[in-house]
Amino acid sequence: MAIQGLGEMVVYVIAAAHAVGVGIVFAVASANRHRTGLRVAGVLFVGVAVVAGFLLGASAPWTGPILAVVAAVTGILAAAATLGSDPAMREESFGQRVVFALSRRPHSSDLDKN
């Protein structure tokens, strides 16, 4: 059950911590003027996790799903947290901001501002 000196649970904890970073990078990228660089960094982070998943193979099969789920949840929660600074969303509950972050789509007026 050991993976080259690491326990399987340690690998999963490292994958979850890595996924938190990926989720935060992707959430910050949507509201930042350096969004292209941040998205490239996020893709590189995911690439590192994919390579690690292939290297670990069958000894840690849940590395990919853990990364995907934790990164998605972290990205949604971080996007909802950043919406709290928006004057239009300041009075909304955190749950409402989460729903808005899940359903938010770019509009032509948003693209014109950038």
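Begin by selecting Val 69, which sits in helix 3 of this predicted model, and display its side chain together with the surface. Val 69 counts as exposed because its relative accessibility is 53%, and the cut-off for that word is over 50%.

Keep the surface switched on and add Val 73, Leu 77 and Phe 94 to the selection, since together with Val 69 these residues make a nonpolar surface patch of about 340 Å². If you then colour helix 3, which covers residues 63-83, you will see the element that gives the most to this patch, with 3 residues.

Next, hide the surface and show helix 3 alongside helix 4, which runs over residues 94-103, so that you can look at how the two pack: their axes are 8 Å apart and the angle between them is about 115 degrees. The crossing of these two helices, helix 3 and helix 4, is right-handed. To see the side chains that make the contact, select on helix 3 the residues Ile 76, Leu 77, Ala 79, Ala 80, Ala 81 and Leu 83, and on helix 4 the residues Phe 94, Arg 97, Val 98, Phe 100, Ala 101 and Leu 102. Leu 77 and Phe 94, which you have just selected for this contact, are also members of the nonpolar patch.

Now move along helix 3 to Thr 63, which lies in that helix. Is Thr 63 buried or exposed? Thr 63 is buried, because its relative accessible area is 9%, and buried means under 20%. Once neighbours within four places in sequence are left aside, the residues in contact with Thr 63 are Val 11, Tyr 12, Ala 15 and Leu 56, and selecting these four will show you what surrounds the threonine.

From there, turn to helix 1, residues 8-29, and pick out Val 28, which has its place in this helix. Val 28 counts as partly exposed because its relative accessibility is 36%. Draw a distance from the C-alpha atom of Val 28 to that of Ala 79, and the value is 7.3 Å, although the two residues are 51 residues apart along the chain.

Finally, zoom out to the whole protein chain, which contains 5 helices and 2 strands and follows the pattern β-β-α-α-α-α-α when read along the sequence. Of its 114 residues, 25% are buried, while the chain as a whole exposes about 7600 Å², with carbon and sulfur atoms supplying 69% of that area. Among contacts between residues at least 6 apart in sequence, 52% join residues that are at least 24 apart.

How values were computed
Residues numbered from 1 in each chain as written. Predicted model: local features only at pLDDT ≥ 70, side-chain atom pairs only at ≥ 80, totals over all residues. Heavy atoms only, no water. Patch = residues over 30% accessible without salt bridge, like charges linked within 9 Å, V, L, I, M, F, W, Y side chains within 5 Å. Areas by Shrake-Rupley, 256 points an atom, 1.4 Å probe, with all protein chains shown as cover. Salt bridge = Lys/Arg side-chain N within 4 Å of Asp/Glu carboxyl O. Helix = DSSP H or I, 4+ residues; strand = E, 2+ residues; numbered from the N terminus. Buried < 20%, exposed > 50% of the residue type's maximum accessible area, 1.4 Å probe, protein only. Axes fitted to C-alpha atoms, helices over the stretch in contact; angles between N-to-C directions. Left-handed = near helix turned anticlockwise from the far one by under 90°. Contact = heavy atoms within 4.5 Å.
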